[in-house]
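Work through these exercises with the structure in view. Try each task before you read its solution.

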Amino acid sequence: MQGLSFSLPHWLYWVGLIVFPLIAMALAKRPKVTNKKYSLPLGYMILVTGGMIGLHRFYVKSLLGLAFIPVFLMILFSNAEGQKARSVVSDVSNEVRIAERVLDREKPRVDEAIAELDALKAAAAEKEEGSTARKIADRRVARAEDTIAKGQDRIAEAEASIADIGDSLGDAQSNLTFWRNASKYAFYLLLAAMAVDALLLPGLIAKANSKLSFEKESENDRKLREAGIGTMEEDSRFADNWIDRLCLYAGEFTAYWAVIAVFVYYFEVISRYVFNSPTNWAHEAMYLMFGMQYLIAGSYAMLTESHVRVDIFYAPLSQKKKAWTDLVTSVFFFIFAGTLLVTSWIFAMDAISVPSGNGLLSQWARGEIPTSEMLANWSLTQWTDPNIRWGEISFNEWEVPLWPMKWVMVIGGLLLVLQGVSKLGKDIRTLAQGN
């Protein structure tokens, strides 16, 4: 079965992190549909992402989706057995190669020793019995005979090993071919079934919609609405100023990155277990993304008071006493947030000033040239020259630039400081109002 060698381009990674949340935020703010129907676009998306296990059939309440699961499990089982068979073929082939190397080494040595043996014996016979020359000649004869005897033993063992392994290698290769074909044909069968369902899906969606009995609002939707689940609009009550709104949007923006992780890890699972082609970028891309999400969403968590804290003493306090408590403890917060912002700035500047990075930007970041000179020498080649590599990169094969992540630390620290200022202002207003 063919492998899957796709590697995520760096530009697509960053475009996805920026564009996907914007689209998701726009879609989330659309007017709610009163009478919910099965959606054809959603059906095709499920077909593409989960069609291998029949999720698109389950979406339209068709039990034929169960037929996809055994075929998908067959692919996984065949790939697992194929890996075992490939290991066996590798081990047996290695034994054959070792035996063949023995034959290649020993046969010339034995032939050469046999060819020289008669001459060595004749030379020994010419020497005087008991003389030193005779002893040396006898030792040469003995070494040649020993080389012949041991070499012939090794040759016999190697030939016997090859003869014994021959059938095993053939069986192992046949087993490997069988499981490869089983995986390949099961995959082709699955693709054919998905292609057929791609044509049938509009009819399936229409049939499923025709069976719906619409109601103004289901009991489940009503409970979700009353609980404020499924929308971030409830958090708008925290937004009293532009700082709060900025942090609110930042939290909503990064929340949709979790959806990206679902798709990426789904791709990783399929590529690893169906195509036997694990990626070298999925894990790194996601843990870097979650690190940036953690940093940017810090201000949102502070705005919505979602941080974990021990509030045994804090919760029973009045609003005014809470404001006093927050005002006093804000000193420690600003020490932390300020340190985060300063150290993040240092990390970010170091990341773009590495010698392997963009020469002009690196010189500016290292303080070798002023900002005016850096801007004056800026040109389109900074973006188009393939020899220019922008700053620090990761050490694995994907080699994604790390400096943007370091600058996200600066953004996260700045948002946290701003949110701290907003919180401080609210506490001061609370105390001034005497509430």
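Partly exposed means a relative accessible area between the buried limit, under 20%, and the exposed limit, over 50%. The model used here is predicted.

**Exercise 1.** Find the class of isoleucine 18: buried, partly exposed or exposed?

*Solution.*
- Step 1. Locate the residue: isoleucine 18 sits in helix 1.
- Step 2. Take its relative accessibility, which is 47%.
- Step 3. Apply the limits: isoleucine 18 counts as partly exposed.
- Step 4. Look around it. Isoleucine 18 belongs to a nonpolar surface patch, whose members include Phe6, Trp11 and Leu27. Together the patch has about 840 Å² of accessible area.

**Exercise 2.** Which residues of the largest nonpolar core touch the most other members?

*Solution.*
- Step 1. Start with the size: this core holds 31 residues.
- Step 2. Pick out those with the most contacts to other members: Tyr13, Trp257, Met286 and Met289.
- Step 3. Trace the sources. Among the elements that give two or more residues are helix 1 (10-28), helix 8 (257-273) and helix 15 (403-433).
- Step 4. Find the largest share: helix 9 supplies it, with 7 residues.

**Exercise 3.** Where is lysine 127 found, and which surface patch does Lys127 join?

*Solution.*
- Step 1. Place it: lysine 127 is in the loop between helix 4 (68-126) and helix 5 (132-210).
- Step 2. Check its cover. Lysine 127 has a relative accessible area of 36%, so it is partly exposed.
- Step 3. Name the patch. Lys127 gathers with Lys135, Arg139, Arg140 and Arg143 in a surface patch of positive charge.

**Exercise 4.** How many residues apart are arginine 272 and glutamate 268 in helix 8?

*Solution.*
- Step 1. Recall the principle: side chains of opposite charge can pair when their charged atoms come close.
- Step 2. Identify the pair: arginine 272 and glutamate 268 form a salt bridge, at 2.8 Å from N to O.
- Step 3. Count along helix 8. The two are 4 residues apart, which means about one helical turn.
- Step 4. Compare their cover. Arginine 272 is partly exposed at 34%, whereas glutamate 268 is buried at 11%.
- Step 5. Widen the view. Elsewhere, salt bridges with shared partners join Arg105, Glu106, Arg109 and Arg154 into one network. The whole structure has 11 salt bridges.

**Exercise 5.** Is glutamate 106 buried or exposed?

*Solution.*
- Step 1. Find its partner: glutamate 106 forms a salt bridge with arginine 109, the closest N and O atoms being 3.5 Å apart.
- Step 2. Read its relative accessibility: at 1%, glutamate 106 counts as buried.
- Step 3. Set the partner beside it: arginine 109 is partly exposed, at 41%.

Terms used. Residues are numbered from 1 along each chain as its sequence is written. This is a predicted model: local features need pLDDT of at least 70, side-chain atom pairs count only at pLDDT 80 or more; totals for chains, interfaces and linings use all residues. Side-chain values use heavy atoms; hydrogens and water are left out. Patches are made of residues with over 30% relative accessible area and no salt bridge: like charges are joined within 9 Å, nonpolar side chains (Val, Leu, Ile, Met, Phe, Trp, Tyr) within 5 Å. Accessible areas come from the Shrake-Rupley method with a 1.4 Å probe; for residues, only the protein chains shown count as cover. A salt bridge is a side-chain nitrogen of Lys or Arg within 4 Å of a carboxyl oxygen of Asp or Glu. Lys and Arg count as positive and Asp and Glu as negative; His and the chain ends are not counted. The place of a charge is taken as NZ of Lys, CZ of Arg, CG of Asp or CD of Glu. Buried means under 20% relative accessible area, exposed over 50%, partly exposed in between (1.4 Å probe, protein chains only). A nonpolar core is a set of buried Ala, Val, Leu, Ile, Met, Phe, Trp, Tyr and Cys residues joined through side-chain atoms within 4.5 Å.
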